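This report walks through a few side chains and how they are placed, for a reader who has not met the structure before. Please keep the sequence and the model at hand while reading.

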Amino acid sequence: MNATPTAPTSVTAPTVAALESQEARLTFRHFTHETAWELGTLLVELARARNAPVAIDIRRGTQQLFHCALPGSTADNDAWIDRKRRVVERYGAASLLVGARCRARGTTFEESSRLDPDRYAAHGGSFPITVEGAGVIGSVTVSGLPQVEDHALVVEALEKLRRD
């Protein structure tokens with residue numbers, strides 16, 4: 001069965017302040033393998049409900065705790081995951097936030113970072129996993145939708161996981 005992606009939503013890019021607020025709010029007291037599984041399966045459920053052709057990746061440090069490639073995603077999505085995840089690892093902030101901060105300063109990530117764009121992408125979809133008292137310990141990344149929608153899907157899952 002071929003899944004047809006749902007129509008694009010009209011998600012607008014959040015402001016730097018809104019992105020910073022998300023990061024401050026969406027932290028964990030602890031993050032285990034079980035937490036990674038719960039977050040990953042929740043992302044899969046949300047994506048499947050929308051027929052979203054995404055790949056999902058969750059890391060703690062260098063260890064991949066969860067990965068799923070849904071129908072319609074490709075190896076290119078895995079490459080985008082790696083590029084966005086490296087931004088989170090280097091800057092300790094969401095990939096969309098890093099790009100938004102650059103734009104707010106009147107520049108681009110590529111110009112200001114001088115990092116290899118084949119290895120780093122400050123595009124939405126990768127979010128830091130922050131543990132109280134420990135800081136950023138990993139990342140959760142989605143690729144396959146427009147960047148603001150990738151980011152919004154991750155945030156939605158994190159918010160739902162924290163409510164449950």
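## A buried arginine without a salt bridge

In this predicted model, R83 is buried and yet has no salt bridge, the nearest side chain of opposite charge being that of D118, which is 5.6 Å away. A salt bridge here requires a side-chain nitrogen of Lys or Arg within 4 Å of a carboxyl oxygen of Asp or Glu, so the distance of 5.6 Å to D118 does not qualify.

R83 is found in helix α3, which covers residues 75–91. If its neighbours within four places in sequence are left aside, R83 is in contact with P117, D118, R119, Y120 and A121. The charged end of R83 also sits over the ring of W80, at 4.2 Å from the centre of that ring.

## Salt bridges within helix α3

Which residues are linked with R85 in a network of salt bridges? The network consists of D82, R85 and E89. R85 forms one salt bridge with D82, where the closest N and O atoms are 2.9 Å apart, and another with E89, where the closest N and O atoms are 2.8 Å apart.

R85 and D82 both lie in helix α3 and are three residues apart, about one turn of the helix, while R85 and E89 are four residues apart in helix α3 and are likewise separated by about one helical turn. An α-helix has 3.6 residues a turn, so residues three or four places apart point the same way. R85 is buried, with a relative accessible area of 8%, whereas D82 is partly exposed at 25% and E89 is partly exposed at 45%.

## A salt bridge between distant parts of the chain

The count of salt bridges comes to seven. One of them is formed by E20 and R101, whose closest N and O atoms are 2.9 Å apart. This pair links distant parts of the chain, since E20 belongs to helix α1 (residues 16–25) and R101 to helix α4 (residues 95–104), with their positions 81 residues apart in the numbering. E20 counts as partly exposed at 36% relative accessibility, and R101 is partly exposed as well, with a relative accessible area of 31%.

## The two sides of helix α1

The buried residues of α1 are L19, Q22 and E23. Seen down the axis of α1, these buried residues fall within an arc of 95 degrees, so they line one face of the helix. They pack against α4, β3 (126–131) and α6 (147–163), whereas the face of α1 turned away from its buried side carries the exposed residues A17 and A24.

## Aromatic pairs

There are three aromatic pairs by count. In one of them, the rings of W37 and F66 have their centres 5.6 Å apart and their planes at 65 degrees, so the pair is edge-to-face. W37 lies in helix α2 (residues 33–49) and F66 in strand β2 (residues 63–69), so the pair ties together parts that are 29 residues apart in sequence. F66 counts as buried, at 7% relative accessibility.

Y91 and F109 form another edge-to-face pair, at 5.9 Å centre to centre and with 75 degrees between the planes. Because Y91 lies in helix α3 and F109 in helix α5 (residues 109–113), this pair ties together parts that are 18 residues apart in sequence. Y91 counts as partly exposed at 39% relative accessibility, while F109 counts as buried at 5%.

Notes. Residues are numbered from 1 along each chain as its sequence is written. This is a predicted model: local features need pLDDT of at least 70, side-chain atom pairs count only at pLDDT 80 or more; totals for chains, interfaces and linings use all residues. Side-chain values use heavy atoms; hydrogens and water are left out. Buried means under 20% relative accessible area, exposed over 50%, partly exposed in between (1.4 Å probe, protein chains only). Lys and Arg count as positive and Asp and Glu as negative; His and the chain ends are not counted. Contact means heavy atoms within 4.5 Å. The arc is that of the directions from the helix axis to the C-beta atoms. Rings of Phe, Tyr and Trp (its six-membered ring) pair if their centres lie within 6.5 Å; planes under 30 degrees apart count as stacked, over 60 as edge-to-face and the rest as tilted. A charge sits over a ring if NZ of Lys or CZ of Arg is within 6 Å of the ring centre and within 35 degrees of the ring normal.
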